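Visitor: I am new to this structure and would love a close look at just one part of it. Could you pick a part and walk me through it?

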Amino acid sequence: MQKLILWDIDGTLLYSGGVAGEAMRAAMARAYGRESTEQRHSYAGKTDR
């Protein structure tokens, strides 16, 4: 049996009310030992360069 994993990285298919972003920020703070100094950017609907 083959498996397929879909990941809505830019939030165009699912909206979690900000839970996913909070989880990502918490994981990054835990991994790097501090909060990010970067502002939040919206990548919804954008493509890679």
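**A close look at the helix**

Guide: Happily! Let us take H1, which has 14 residues and reaches 20 Å from its first C-alpha to its last, close to the 20 Å expected at 1.5 Å a residue. Please keep in mind that what you see is a predicted model.

To place this element in its setting, the protein has one helix and zero strands. The helix runs over residues 19-32, and Met28 is found in it. Just after H1 comes Gly33, whose phi is positive, near 80°.

Now look at the side chains along the helix. Arg25 and Glu22 meet there in a salt bridge, with 2.9 Å from N to O. Why are these two separated by about one helical turn? Because Arg25 and Glu22 are three residues apart in helix H1. A search of the whole structure finds one salt bridge. As for how open Arg25 is, its relative accessibility is 35%, so Arg25 counts as partly exposed.

Next, turn to Met28. This residue has 40% relative accessibility and therefore counts as partly exposed, since that class lies between 20% and 50%. Met28 also belongs to a nonpolar patch on the surface, along with Trp7, Ile9, Met24 and Tyr32. Together, the five residues of this patch have about 670 Å² of accessible area.

Finally, step back to the protein that carries this helix. Of its 49 residues, 4% count as buried. The protein exposes about 5,500 Å², and carbon and sulfur atoms supply 56% of that area.

So, when you return to the picture, try finding Glu22 and Arg25 with their salt bridge, then Met28 in the nonpolar surface patch, and then Gly33, which follows H1.

Note on methods
Residues are numbered from 1 along each chain as its sequence is written. This is a predicted model: local features need pLDDT of at least 70, side-chain atom pairs count only at pLDDT 80 or more; totals for chains, interfaces and linings use all residues. Side-chain values use heavy atoms; hydrogens and water are left out. Patches are made of residues with over 30% relative accessible area and no salt bridge: like charges are joined within 9 Å, nonpolar side chains (Val, Leu, Ile, Met, Phe, Trp, Tyr) within 5 Å. Accessible areas come from the Shrake-Rupley method with a 1.4 Å probe; for residues, only the protein chains shown count as cover. A salt bridge is a side-chain nitrogen of Lys or Arg within 4 Å of a carboxyl oxygen of Asp or Glu. Helices (H or I, at least four residues) and strands (E, at least two) are DSSP runs, numbered from the N terminus. Buried means under 20% relative accessible area, exposed over 50%, partly exposed in between (1.4 Å probe, protein chains only). The expected span of a helix is 1.5 Å times one less than its number of residues.
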